[in-house]
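The exercises below are meant to be worked through with the sequence and the 3D view side by side. Try each task before turning to its solution.

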Amino acid sequence: MPRTNSHRETFIGRHDQMRALFQALDDTMGEPDVRCVVSGGSGIGRTALLGAFTRACRARGSAALELSCSPPDGGQAPVLADGLLARLAARSLGGVSFGPQWERSHVRGFGGATEIGGWTPAATRAARSADGHVGGPAPGRSADVSAGAGGSATEPGPGLSAASIHAAVRVVSCKAPFVLTLDDADRAGPALLESVRRVREACAGLPLLLVLTVRSGQSPRAPLELADAMYGARRLTLDGLSPRESGELLHARSGHRPGAEFSAACHRLTGGNPFLLAELGAQLRGTDGLPDPAELDHAAVPVAAEVLLGRVARADPHAVRLAQALAVVGRADAPLLAQVSGLGLVETLNGLDLLVRTGLVTDTEEPVLRHPLLARTFRESMTQMARNAAHLTAALHLHEHHAPAERVARHLSASTVAQNADWSAEVMMRAAASARDAGHDDTARRYLELVAETASGAQRRQSVLELADHHLRHGPGGTETVVAMLHRTDDDALRGGLLGRLSRALTAADPSGGGTEPPHSVAAALRGTAFEGWDRLHLLLSRLPELPAAAAAELFDDLPARLRPGAPDGGSPLLAASRAFAAYYRNLADDDPRTSAAWARAALRCPPEDLDIHPLASTAALAVLVDGGQRAEAAGHLERLGGQVAQGVAEDPGLAWVRAQLAFAEGDLPAARGLLAVSLEALGVADPAGRGWGALVRVAATGLLANVLLTRGERAEAQLLLQRDDRSGPLPADGWSQDVLLARARLWAVNGDLAAARRSLAALRALHRTAGLRAAGTASWRVHGVELLARTGLTSEARTLTEEQLRFARLTGSDLELGRARRALARVCDPASAEQHLRAAVALLEPLPAAMDLAAALADLGAVRAAGGHREDAVAVLTRAVRLAERCGAGDLALRVRQQILAASGDTARYTPLRGVLSLTPREREILVDALHGLTNKRISARRDITSRTVELHLSSAYRKLGISGRGDFGTVFRVPGLWALLTDPPPADHHAERRAPGSAAAAGTSVPAEDPLRVRP
């Protein structure tokens, strides 16, 4: 196919190379024999650079002669002479035409003589110095020299001497340097290169710039004259364009302006190669718009493959086979490439050397094609059978050389040819995984079926379970297929895994979330096995979300007798799941956490495959231990059930939710945020309709994530999350919804709408009553509940929760829960006792990995110390609190503590709301808090036993100090973290900045950051 010149029409970038060439052009005025060599791989834009440079030179007044050596013939020596005389005539005769052949300035593919010659008499006369006049006719002579009296324009004449060449170049360079370019010089013949050398020698001392381009990977058999021309020349190497320049070239070639993401994707695929970019842009021209960047992974440019492979083939036909082999196998060493391409090792190395020198392949021990777009294009230029042969040859070679199983499997899975059982089970399992990841589910199924038929033990078990997953994912009949697998197996471990998958499928199939009844054939398949009665257990568990927590817990009292009448209690694998759910629902309803923890431990001591018979059994048992403060114990079980805790990622969404609870307890809010996002994403993939038990975990994970976001200070994200949850339907009326209702209340509160916060808290308390939930609630409730109740004016409820929380903490024996309870107690007790409780809380929390709870306790302690007039100590404690809060990502707490530092130090001049809160009188504080709680002026006057007029006066004074006009501005002012705490807590003693004692810690700036104190550090 003829070479496309689309890349010549648009010139983008290359600013450094253009500057270097123009510097060389300027240097010709003072240096002899200035030469530049421009090198680069195929399609890198050498010719385009030469064209742009010569056009710019002409615009500056320089004469330029462009020679091209494609195809190689060595026959452009006469063209060089004709071009010189054409330039000479144009300069000396005022633009008189010497005919089309002489005027050609960009000449390609001429044959002819190999010596300088073929000059017409008129041209010879023009080149000679006649009567002292160089380069033109003698005075009185005619200017028509195209076919003078001495002969025709094509009549050969005497050879051009060095003096004549010197004279011609002197004329054309009289005003600006003369530019001679030789494109693809590595393909020039000896005659042309000798002509160029003669011109260089003849023009010594004249301003002549010679620019040559050579392809990277030039043949080692190039003429010696080329080495002479390149010796001592200035070198310029062209690489790929930048992502921004790639986008500009795409815009020019396609007519569409690409975004940054699309430009970056094209740059990644092409390596910034202008030729590939131009061809890709040409494919996109005329389309309605640019595709999604992800779709570029399937793009190919056949024209580019044909052109580039054609160039390589002319140098070495074997290199084409190597390029295709590399496109199929990817990164590979020379022996593997020799095997796949069918070449000898020496031929392979020589071909790779050419591909490396042309810039198509990396120069490494295991080379790879530089441009992913070319790799895909080369693959598509092969037939499917050729690709299959290459993949299978690679698999055999790697297998024989004991390569890792995943490398062998990748090639097996890429072949469309059905395999036999000659491969190891490990290789076929990995091949199935590779095929599944690539979306080739049928290929994956074939490999799994081979393993299931030939392997034994754990490998067979795993293949059957993956086959079950495949059938359940793909269309109707999956449930019946899994039941048939149950009939065929006598492996209890495999039965447990199959039953777990069947349970998940049946649960998700029921839009109500309760689960459908198992097929009657399940009972027959399990009769006489250890899992007999599973169908009755499944139906029982499907009822649990509909029952109050206390009623659900009672169902497990005599469960073993109802599942398997007459059978002994011990030894049944069904007991593991039943104990796990018994633990979870007892933990929700029973105020004594020791009972639920005992049930959870009993469940977790069972083999993991016993817990697998229900998708949430492990999650339920682990959640009980985490909720009771038994973090180390829960982490140990997580490591056994779901991999190393430190990895931070669990494939199972329920286990990810449990790990997030662990991270929350340890104060690692970024980790908790990431794990919850993993859980919600996995739930969306596994159960996109949001049904069954997965919907319950989604509600719980959403609630915890919303609370984490609020604690981090990310209110907008929390609001969007809760709005999406509202659109998904009503909340389930059970313990899974507690954190969602708490997050709603917190969001209303931080936005300054305390009345709406009270309504959300009322809904949460109603849920506790109707579902029979314990008062201590979830971990998030125990961290934020008392403070939130007190803030919304529900002081009696706050005291009740404190008592329940303290009782719960004592029963668990957890220092973390005891620390939380002592901090809550400080919120509702008298100021004299508050400091004692907070110091006890700090002492309990300090040895633990619980940075967030410790930071909150220190913040409360600092506020109490400031209220008692201990300014210097308060600032020190608060500074430690803010550092801890920032370290664990608690941005909301950090900003609130910084407000308290400002208040304690008296540095409030720049912050009007903060200064206004601190300047309120005690009576103004009381009345303002009543107004914030939604009380009318009339109700406030009755409550405080004062007149309505007095209420109005106090509120007007408070509004003036806060810089607001009325109740409608409450949300604007009190959504700032820390202001509410400063309003309701006792004000710091002697808070006015002007009253600070000289030399005090506050006056000296002790512990007050130099930058904006309200900025939370990242």
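**Exercise 1. The chain as a whole**

What percentage of the 1018 residues of the protein chain count as buried?

Solution. Begin by keeping in mind that this is a predicted model. Of the 1018 residues in the protein chain, 54% count as buried. Turning to secondary structure, the protein chain holds 53 helices and 8 strands. Next, take the contacts between residues at least 6 apart in sequence: 70% of these join residues at least 24 apart. Finally, the area that the protein chain exposes comes to about 42,300 Å², and carbon and sulfur atoms supply 52% of it.

**Exercise 2. Two helices that meet**

Find helix 13 and helix 17, and work out how their axes are arranged and which residues form the contact.

Solution. Two packed helices are described by the distance between their axes and by the angle between those axes. Helix 13 covers residues 302-315 and helix 17 covers residues 372-380, and their axes come within 9 Å while crossing at roughly 90°. Because angles of 65 to 115 degrees count as roughly perpendicular, helix 13 is roughly perpendicular to helix 17. On the side of helix 13 the contact involves Pro302, Ala305, Leu308 and Leu309, which meet Leu374, Thr377 and Phe378 in helix 17. Sorted by class, this contact of helix 13 with helix 17 has 6 nonpolar residues, 1 polar residue and no charged residues.

**Exercise 3. The surroundings of Ser679**

Is Ser679 buried or exposed, and which backbone oxygen lies 2.8 Å from a polar atom of its side chain?

Solution. First locate Ser679 in helix 35, which spans residues 669-686. Ser679 has a relative accessibility of 0% and therefore counts as buried. A polar atom of the Ser679 side chain lies 2.8 Å from the backbone oxygen of Pro653. Once the neighbours within four places in sequence are left aside, the residues in contact with Ser679 are Pro653, Ala656, Trp657, Val697 and Ala701.

**Exercise 4. The surroundings of Ala706**

Describe where Ala706 lies and which residues it contacts.

Solution. Ala706 belongs to helix 36, residues 692-711, and at 0% relative accessibility Ala706 counts as buried. Leaving aside neighbours within four places in sequence, Ala706 is in contact with Ala718, Leu721, Leu722 and Ala743. For Leu747, compare sequence with space: Ala706 and Leu747 are 41 residues apart in sequence, and their C-alpha atoms are 9.1 Å apart.

**Exercise 5. A buried arginine**

Which backbone oxygens does the side chain of Arg782 reach?

Solution. Arg782 is found in helix 40, residues 779-791, and with a relative accessible area of 2% Arg782 is buried. One partner is the backbone oxygen of Asp627, at 2.9 Å from a polar atom of the Arg782 side chain; another is the backbone oxygen of Gly777, which the side chain reaches at 2.6 Å. Not counting residues up to four places away in sequence, the residues that Arg782 touches include Gln805, Phe808, Glu817 and Arg820.

**Exercise 6. Positive phi in two loops**

Where do Arg14 and Asp33 lie, and is each of them buried or partly exposed?

Solution. Arg14, although not a glycine, has a positive phi of about 60°, and it lies in the loop between helix 1 (6-9) and helix 2 (15-27). Asp33, likewise not a glycine, has a positive phi of about 50°, and its loop runs between helix 2 and strand 1 (34-40). With a relative accessibility of 7%, Arg14 counts as buried, whereas Asp33, at 37%, is partly exposed.

Terms used:
Residues are numbered from 1 along each chain as its sequence is written. This is a predicted model: local features need pLDDT of at least 70, side-chain atom pairs count only at pLDDT 80 or more; totals for chains, interfaces and linings use all residues. Side-chain values use heavy atoms; hydrogens and water are left out. Helices (H or I, at least four residues) and strands (E, at least two) are DSSP runs, numbered from the N terminus. Buried means under 20% relative accessible area, exposed over 50%, partly exposed in between (1.4 Å probe, protein chains only). Contact means heavy atoms within 4.5 Å. Accessible areas come from the Shrake-Rupley method with a 1.4 Å probe; for residues, only the protein chains shown count as cover. A polar contact is a pair of N or O atoms within 3.5 Å; within protein, one must be able to donate a hydrogen and the other to accept it, and residues adjacent in sequence count only if both atoms are side-chain atoms. Axes are lines fitted to C-alpha atoms, for helices over the stretch in contact, and angles run from 0 to 180 degrees between N-to-C directions. Angles under 35 degrees count as roughly parallel, over 145 as roughly antiparallel, 65 to 115 as roughly perpendicular and the rest as oblique. Ala, Val, Leu, Ile, Met, Phe, Trp, Tyr, Cys and Pro count as nonpolar, Asp, Glu, Lys and Arg as charged, and the others, Gly among them, as polar.
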